[in-house]
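I opened a fresh page for this one. Come along and look with me.

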Amino acid sequence: DTVGAGDAFTAGLAVGLAEGRPVLEAIALGVTAASLSTRRRETIESYARRPEVDGHVGKVLAAARALEG
């Protein structure tokens, strides 16, 4: 269910920027939060909690860094 994925991305990006992370890391937080939010139905219930996002963001960040070259 993709409803709310954009909001999850925006929230993850905003948190990363508010924490002073580099832009690529903030984007990775957003992408991770959005991706995880599509795994469950119901918008609010589908949003991942921070420990879950932290557990997956490393994979997303590694993929993004690999694309940078």
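**Entry 1: contacts and ground rules**

I began with contacts (heavy atoms within 4.5 Å). Among contacts between residues at least 6 apart in sequence, 54% join residues at least 24 apart. I noted that this is a predicted model, in which local features need pLDDT of at least 70, side-chain atom pairs count only at pLDDT 80 or more, and totals for chains, interfaces and linings use all residues. Residues are numbered from 1 along each chain as its sequence is written, and side-chain values use heavy atoms, with hydrogens and water left out.

**Entry 2: the overall build**

I looked up the secondary structure next and found four helices and zero strands. Helices (H or I, at least four residues) and strands (E, at least two) are DSSP runs, numbered from the N terminus. Read along the sequence, the pattern is α-α-α-α.

For size, I noted that the C-alpha atoms fill a box of roughly 35 × 25 × 20 Å along the principal axes. The radius of gyration is 12 Å, which agrees with the value near 11 Å for a compact globule of 69 residues. That radius is taken over C-alpha atoms, and the globule rule is 2.2 Å times the number of residues to the power 0.38.

**Entry 3: surface and charge**

I then checked the surface: the protein exposes about 4300 Å², and carbon and sulfur atoms supply 61% of it. Those areas come from the Shrake-Rupley method with a 1.4 Å probe; for residues, only the protein chains shown count as cover.

I found 8 positive and 9 negative side chains, with the centres of the two sets 5 Å apart. Lys and Arg count as positive and Asp and Glu as negative, while His and the chain ends are not counted. Each charge is placed at NZ of Lys, CZ of Arg, CG of Asp or CD of Glu.

**Entry 4: the inside**

How much of the protein is buried? I read 29% of the 69 residues. Buried means under 20% relative accessible area, exposed over 50%, and partly exposed in between (1.4 Å probe, protein chains only).

The largest nonpolar core has nine residues: Ala8, Ala28, Leu29, Ala33, Leu36, Ala48, Val53, Val57 and Leu61. Helix 2 (23-37) and helix 4 (50-68) each supply at least two of them, and helix 2 gives the most, with four. Such a core is a set of buried Ala, Val, Leu, Ile, Met, Phe, Trp, Tyr and Cys residues joined through side-chain atoms within 4.5 Å.

**Entry 5: from Leu36 to His56 and Arg39**

I followed Leu36 outward, leaving aside neighbours within four places in sequence, and found contacts with Ser46, Ala48, Glu52, Val53 and His56.

His56 sits in helix 4. His56 counts as partly exposed because its relative accessibility is 26%. With the same neighbours set aside (within four places), His56 is in contact with Thr32, Leu36 and Arg39.

Arg39 lies in the loop between helix 2 and helix 3. Is Arg39 buried or exposed? Arg39 is exposed, at 55% relative accessible area. Beyond four places in sequence, Arg39 is in contact with Glu52 and His56. I also noted Arg39 and Asp1: they are 38 residues apart in sequence and 6.9 Å apart in space, C-alpha to C-alpha.

**Entry 6: a stop at Thr43**

Last, I visited Thr43, in helix 3 (residues 43-46). Thr43 is partly exposed, with a relative accessible area of 25%. Which residues does Thr43 contact, leaving aside neighbours within four places in sequence? I found Val3 and Gly4. Thr43 and Val60 are 17 residues apart along the chain, and their C-alpha atoms are separated by 22 Å.
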